[in-house]
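Visitor: I would like to learn how the words used for a protein model are justified. Could you take me through some of them?

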Amino acid sequence: MNTDTKQVLSKVPAVTLGFWVIKILATTLGETGGDAVSMSMNMGYLLGTGIFIAFFIIVVFAQIKANRFHPFLYWVTIIASTTLGTTLADFVDRSLGIGYLGGSLILITLLALTLFAWQRTLGSIHVGSVSEPKAEMFYWLTIMFSQTLGTALGDWTADTAGLGYVGAAYIFGAGLCLIIAIYYFTSMSRTLLFWLAFVLTRPLGAVVGDFLDKPVVHGGLALSRYTASGVLILTIIFLVLMLPQNAARKGH
């Protein structure tokens, strides 16, 4: 690979339809997998969060040390961030008693501050610029906050707002459709739209995951968290193998 190519290629994937499909599946896996550890294994939110923080740090370090984009490493890191987001949000919202709305407001603030600091420090929050360690640190910190925020938003919409898992899925799905329409029919910043869509896919995956594994009496299908997680993992592996996985380029 020549020097010019190294300067252009990012260490994260190009944003395609396949990217969004895998992202939604990964966020759904984050919910079922996080709940499997904290609830089904009876480890609790604090211990579950500690386990996933350690795993997240390890794979982020591996991602930063890698000299180019590796599809499976990238998606493992995304899954690590979304399982961490599940247990961390549940710990903050439930164990600390802050509540879904309070947790969501805190996380929105942290997410906005991270994006602001990233923009001021490096001059761009475009995914195509994620090609060196400082940008990667900002990128993964932003993703971690967005995944945690998504869990809190999903729980607040489904439970506190009383829309249920299916109703909440419709709301977040409609939000994504609106972003798609804005993308095609306006000149609004593509980078801003990307991060809005990135955040919205997380609560969508969270409520779908809850719908799969929560008891029927609570509006779910009562499927095994282990079975649901296993099927999601196999589906993600299949899609990563079958769909084009190219690195994003600066300016695209």
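The talk below goes from helix packing to the core and then to single residues.

Guide: Remember that this is a predicted model. Now ask away.

Visitor: What makes α2 and α4 oblique to each other?

Guide: Take the angle. Helix α2 (residues 17-40) and helix α4 (residues 71-95) cross at roughly 50°. Angles under 35 degrees count as roughly parallel, and 65 to 115 as roughly perpendicular. The value of roughly 50° fits neither class, so α2 and α4 are called oblique. Their axes come within 8 Å.

Visitor: Which hand does the crossing of α2 and α4 have, left or right?

Guide: α2 passes α4 in a right-handed crossing. The residues of this contact divide into nine nonpolar, nine polar and five charged.

Visitor: Why is α4 called oblique to α6?

Guide: Use the angle again. α4 and α6 pack at about 50°, with their axes 8 Å apart. That angle makes α4 oblique to α6. The crossing of α4 over α6 is right-handed. In this contact, ten residues are nonpolar, eight are polar and four are charged.

Visitor: Which residues have the most contacts inside the largest nonpolar core?

Guide: They are Tyr74, Trp118, Tyr139 and Trp195. The core itself has 58 residues. Helix α6 (residues 133-160) gives the largest share, eleven residues.

Visitor: What does Tyr74 touch, beyond residues up to four places away in sequence?

Guide: Its partners include Tyr139 and Trp140. Among the others are Lys11, Val12, Pro13 and Phe19. Gln63 and Phe69 are also touched by Tyr74.

Visitor: How do you know that Gln147 is buried?

Guide: Set the value against the cut-off. Buried means under 20% relative accessible area. Gln147 has 0%, so Gln147 is buried. This residue lies in helix α6. Not counting residues up to four places away in sequence, Gln147 touches Lys23, Thr27, Ile78, Ser81, Thr82, Gly85, Phe198 and Arg202.

Visitor: Why does Ile64 count as buried?

Guide: Its relative accessibility is 18%. The cut-off for buried is under 20%, so Ile64 counts as buried. Ile64 is found in helix α3. Leaving aside neighbours within four places in sequence, Ile64 is in contact with Lys11, Pro133, Glu136 and Met137.

Visitor: How far is Ile64 from Pro13, in sequence and in space?

Guide: Ile64 and Pro13 are 51 residues apart in sequence. In space they are 14 Å apart, C-alpha to C-alpha.

Visitor: What makes Thr191 buried?

Guide: Thr191 has a relative accessible area of 17%. That value is under 20%, so Thr191 is buried. Its place is in helix α8. Ile125 and His126 are its contacts, leaving aside neighbours within four places in sequence.

Visitor: How do you know that Leu232 is buried?

Guide: The relative accessibility of Leu232 is 9%. Under 20% means buried, so the word fits Leu232. Leu232 is found in helix α9. Leu232 touches Leu25, Thr28, Leu29 and Thr32, not counting residues up to four places away in sequence. Leu232 and Gly33 are 199 residues apart in sequence, but 9.7 Å apart in space, C-alpha to C-alpha.

Visitor: Why does Thr16 count as partly exposed?

Guide: Its value is 39%. Partly exposed lies between under 20% and over 50%, so Thr16 counts as partly exposed. Thr16 sits in the loop between β1 (9-13) and α2. Thr16 and Ala248 are 232 residues apart in sequence, yet 9.8 Å apart in space, C-alpha to C-alpha.

Visitor: What makes Asn42 exposed?

Guide: Exposed means over 50%. Asn42 has a relative accessible area of 69%, so Asn42 is exposed. Asn42 is found in the loop between α2 and α3 (44-65).

Visitor: Why is the phi of Asn42 worth a remark?

Guide: Most residues other than glycine have a negative phi. The phi of Asn42 is near 60°, a positive value in a residue other than glycine.

Visitor: What is the phi of Ala222, and where is the residue placed?

Guide: Ala222 has a positive phi of about 60°, although it is not a glycine. Its place is in the loop between α8 (190-213) and α9 (225-242). At 43% relative accessibility, Ala222 counts as partly exposed.

Key. Residues numbered from 1 in each chain as written. Predicted model: local features only at pLDDT ≥ 70, side-chain atom pairs only at ≥ 80, totals over all residues. Heavy atoms only, no water. Axes fitted to C-alpha atoms, helices over the stretch in contact; angles between N-to-C directions. Helix = DSSP H or I, 4+ residues; strand = E, 2+ residues; numbered from the N terminus. Parallel < 35°, antiparallel > 145°, perpendicular 65-115°, else oblique. Left-handed = near helix turned anticlockwise from the far one by under 90°. Nonpolar A, V, L, I, M, F, W, Y, C, P; charged D, E, K, R; others polar. Core = buried A, V, L, I, M, F, W, Y, C linked by side-chain atoms within 4.5 Å. Buried < 20%, exposed > 50% of the residue type's maximum accessible area, 1.4 Å probe, protein only. Contact = heavy atoms within 4.5 Å.
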